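Student: I should like a close look at a single part of this model, with its surroundings described in one connected account. Please start from one residue and work outward from there.

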Amino acid sequence: AIYDFAMAPDGTIYMGTTKYFNGGGVYRSSDNGTTWEYIGLPNEQIMSVVVNAAGEVFAGGYTNGIFKYNGSGTSWTLLKNEISVMKMAINSQGTIFAACNKEYYYYNGGVLRSEDNGQTFDFVNSGLLINSADLLAIDGTGHIYTGMNDYPCIYRSILTTNNILDGTITYANADSIPMSNTHVTLMQGDSIARD
């Protein structure tokens with residue numbers, strides 16, 4: 001079965017399939033879907049495929065976690081295992097989010113986040129009644145929506161995921177010369193909100 005599509009910035013289409021579709025894995029098309037090339041993850045149940053602004057491809061598997069495509073052939077790197085990924089999304093800053101179902105009692109579930117392109121992940125489940133998620137979307141303001149297929153709740157994040165400070169720090173002189181090598185820490189009360 002085909003579960004997801006993703007479009008790369010260069011127009012390449014990626015398709016995630018389950019093991020019921022020729023063994024499962026990921027396929028791509030560079031000719032608007034006329035022909036498809038198999039690019040790996042045999043016998044995986046790929047529920048979600050996403051592509052970031054740099055064209056890097058990530059796939060979420062139902063039983064084996066999150067993978068990153070190595071760019072050629074059929075080689076992938078496992079970034080996070082022991083999670084059951086149902087849906088993935090990448091926000092405008094490149095942060096990866098994954099809805100993880102707690103299908104297996106020994107797997108953690110909920111919303112998983114990586115702010116370093118998949119090097120590390122952490123769960124952001126504060127406010128979820130059940131730490132399990134099947135659905136995931138990010139709106140234009142950066143809010144996350146999540147929920148479960150068979151549980152009648154939809155959640156929206158309180159904070160937006162678009163939390164990047166942007167601008168130029170200048171010297172307080174007549175020429176307003178930009179300062180280089182400046183570190184900014186955003187404080188909320190006595191706590192660091194963003195470093």
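Tutor: The account below begins with one serine and its strand, and then turns to a glycine, the cysteines, a surface patch and the protein as a whole.

The model is a predicted one. The residue chosen is S48, which lies in strand β5, a strand covering residues 46-51. Is S48 buried or exposed? S48 counts as buried, because its relative accessibility is 0%, and the cut-off for that class is under 20%. Its side chain is nevertheless engaged in a polar contact: the partner is the side chain of D4, at 3.1 Å. D4 also appears in the wider list of residues that S48 touches once neighbours within four places in sequence are set aside. The other members of that list are F58, A59 and G60, together with M86, K87 and M88.

From S48 one may proceed to G61. This glycine belongs to strand β6, which runs over residues 57-61. In sequence G61 and S48 are 13 residues apart, and their C-alpha atoms are 7.2 Å apart in space. G61 likewise counts as buried, because its relative accessibility is 0%. With neighbours within four places again left aside, G61 is in contact with Q45 and I46, and also with I83, S84 and V85.

The cysteines may be taken next. A disulfide is a covalent bond between the sulfur atoms of two cysteines. A search of the whole structure returns zero disulfides. C100 counts as buried because its relative accessibility is 0%, whereas C153, at 24%, counts as partly exposed.

At the surface, a nonpolar patch is formed by I169, Y171, I177 and M179, which together have about 330 Å² of accessible area. Of these residues, M179 is placed in the loop between β15 (151-156) and β16 (186-188). M179 is classed as partly exposed because its relative accessible area is 31%.

The setting for these details is the protein as a whole. Its secondary structure comprises 17 strands and zero helices. Of its 195 residues, 41% count as buried, and S48, G61 and C100 are each in that class. Taking contacts between residues at least 6 apart in sequence, 31% join residues at least 24 apart. The protein exposes about 11,100 Å², and carbon and sulfur atoms supply 49% of that area.

How values were computed:
Residues numbered from 1 in each chain as written. Predicted model: local features only at pLDDT ≥ 70, side-chain atom pairs only at ≥ 80, totals over all residues. Heavy atoms only, no water. Helix = DSSP H or I, 4+ residues; strand = E, 2+ residues; numbered from the N terminus. Buried < 20%, exposed > 50% of the residue type's maximum accessible area, 1.4 Å probe, protein only. Polar contact = N/O pair within 3.5 Å; in protein donor to acceptor, adjacent residues only side chain to side chain. Contact = heavy atoms within 4.5 Å. Disulfide = S-S within 2.5 Å. Patch = residues over 30% accessible without salt bridge, like charges linked within 9 Å, V, L, I, M, F, W, Y side chains within 5 Å. Areas by Shrake-Rupley, 256 points an atom, 1.4 Å probe, with all protein chains shown as cover. Salt bridge = Lys/Arg side-chain N within 4 Å of Asp/Glu carboxyl O.
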